[in-house]
Amino acid sequence: MGFLHGFLPQGISRDYIIRPTKVRILTTDELLFPKELRTLIEDELHVKLEVILTRDWNTLLANTVSTPSEDIVFLPSYWATTLRQQNLLSNLSIHDVELQQRVAPDFLDKSSNSARTFDFLPFYWIKTGFKTTNDQSFEAFLRNKKDSTLFLLADEDLILKHFQAWDEQGLTPMVQQKKILTLQLEELLKTDRVGTIELPVNEAHTDLQAEDQLSALLVWGAVVPSNSDKKDLAVEILNLLTTPLLQEKVLVQTPFNSTFTQVSDKALPVQRRASYIRDLQLKDTLLIDQKDVDAKLKLKTKYGVTL
């Protein structure tokens with residue numbers, strides 16, 4: 001009706017005529033893109049989201065290489081690095097320059113390649129440590145015959161890094177005597193288990209055992225594959241997800257810390273902010289550079305760990 005009066009209402013033409021009706025999203029962990037966030041985006045942007053949850057690297061790669069590919073992928077930073085090496089990621093700076101400026105400089109890749117491209121948007125980070133019975137050291141836990149279970153974050157690359165570090169420390173034989181169970185991200189906050197458990201260092205767990213070559217730093221974020229045919233809409237969704245109000249709401253419900261400089265509400269504990277990483281001792285902290293596609297096989301054949 002507006003057009004007949006001499007102008008075309010941009011809202012109507014954009015939201016109901018031009019805008020694609022379905023956006024394909026893949027996430028490696030439920031907490032990175034929970035159902036309540038999906039509903040909010042669908043209502044706010046008038047889109048339909050098709051979400052796939054997988055931790056299988058081959059499935060993720062297949063959905064990224066395909067044409068058209070998934071439109072957004074939520075994943076660990078080192079998975080994104082491996083995709084970048086295969087030229088499978090879209091440069092987000094082309095679509096939105098301000099998006100990059102929201103991220104704290106500590107979490108931006110300073111490599112020469114990334115100076116020209118910005119293809120991974122970090123959302124969350126955690127540093128892990130180990131909660132042991134009676135706050136004993138990790139080695140004391142290994143020698144304690146009564147503590148029989150070791151709970152690890154269910155990330156095959158991180159678990160492999162742990163075992164490689166334990167090899168260097170001569171601890172692997174004692175670790176292998178324990179019962180090893182893995183936990184998904186959404187289970188990290190459940191601490192009512194008997195044994196030693198890998199947990200995020202935050203306001204609830206500030207005194208975890210974080211010895212050299214034991215704790216780990218992990219970053220999760222989002223990418224837009226090069227083969228997506230809805231890049232502008234994908235970036236608009238990422239823009240919505242990075243607003244301070246939405247980020248602060250999500251953070252208090254998860255074990256994560258933020259990577260965004262604007263997330264600084266007084267009600268948010270200092271441990272949840274991007275700047276908190278500067279207060280942590282990161283020397284010898286385990287870092288994962290890229291995806292090891294043979295991680296599960298190496299864990300099974302060398303260390304007897306089946307995931």
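Colleague: How much space lies in the second largest pocket, and what makes that space a pocket rather than a cavity?

Modeller: In this predicted model, the second largest pocket holds about 170 Å³ of space. A pocket is an open set of points, whereas a cavity is a set from which a 1.4 Å probe cannot get out. The space is therefore called a pocket because it is open.

Colleague: Which residues line the second largest pocket?

Modeller: Leu31, Pro34, Glu36, Leu37 and Leu40 are in the lining, along with Leu246, Lys249, Val250, Gln253 and Thr254. At least two of the lining residues come from helix 2, and at least two from helix 11.

Colleague: How do the lining residues of the second largest pocket divide by class?

Modeller: There are 6 nonpolar, 2 polar and 2 charged residues. Glu and Lys count as charged, so Glu36 and Lys249 fall in that class. Gln and Thr are not on the nonpolar or charged lists, so Gln253 and Thr254 count as polar.

Colleague: What is the volume of the largest pocket, and which residues lie nearest its centre?

Modeller: The largest pocket has about 630 Å³ of space. Its lining is made of 24 residues, and Ser77, Phe107, Asp109, Phe120 and Val219 lie nearest the centre. Helix 4 (77–84) and strand 8 (216–223) are the elements that give two or more residues to this lining. Helix 4 has the largest share, 4 residues. The classes are 13 nonpolar, 6 polar and 5 charged.

Colleague: How many cavities does a search of the whole structure find?

Modeller: The search finds 2 cavities of 30 Å³ or more. The largest has a volume of about 60 Å³, and the second largest about 50 Å³. Both values are above the 30 Å³ cut-off, so both cavities are counted.

Colleague: Which residues line the second largest cavity, and what classes do they belong to?

Modeller: The lining consists of Leu32, Leu37, Phe74, Phe123, Tyr124, Leu241, Leu246, Gln247 and Val250. Strand 4 (121–131) and helix 11 (244–251) are the elements that give two or more of these residues. Helix 11 supplies the largest share, 3 residues. By class there are 8 nonpolar, 1 polar and no charged residues. Tyr counts as nonpolar, so Tyr124 belongs to that group, while Gln247 is polar because Gln is on neither the nonpolar nor the charged list.

Colleague: And which residues line the largest cavity?

Modeller: Asp29, Arg55, Leu153, Ala154, Asp155, Leu183, Gln184, Leu185 and Trp220 do. They divide into 5 nonpolar, 1 polar and 3 charged. Asp and Arg count as charged, so Asp29, Arg55 and Asp155 are placed in that class.

Colleague: Why is His46 called partly exposed?

Modeller: The relative accessibility of His46 is 35%. Buried means under 20% and exposed means over 50%, so His46 falls in between. His46 is in the loop between helix 2 (35–45) and strand 2 (48–53). Its phi is near 60°, a positive value in a residue other than glycine.

Colleague: Is Asn134 buried or exposed, and where is its place?

Modeller: Asn134 has a relative accessible area of 73%. That value is over 50%, so Asn134 counts as exposed. Its place is in the loop between strand 4 and helix 7 (138–143). Phi of Asn134 is also positive, near 55°.

Colleague: What kind of peptide bond joins Thr67 and Pro68?

Modeller: The bond is cis, with omega about -5°. Pro68 sits in the loop between helix 3 (57–65) and strand 3 (72–76).

Technical notes:
Residues are numbered from 1 along each chain as its sequence is written. This is a predicted model: local features need pLDDT of at least 70, side-chain atom pairs count only at pLDDT 80 or more; totals for chains, interfaces and linings use all residues. Side-chain values use heavy atoms; hydrogens and water are left out. On a 1 Å grid over the protein atoms alone, a cavity is a set of points where a 1.4 Å probe fits but cannot get out, and a pocket is an open set with protein on both sides within 12 Å along at least five of seven lines; lining residues have an atom within 4 Å of a point. Buried means under 20% relative accessible area, exposed over 50%, partly exposed in between (1.4 Å probe, protein chains only).
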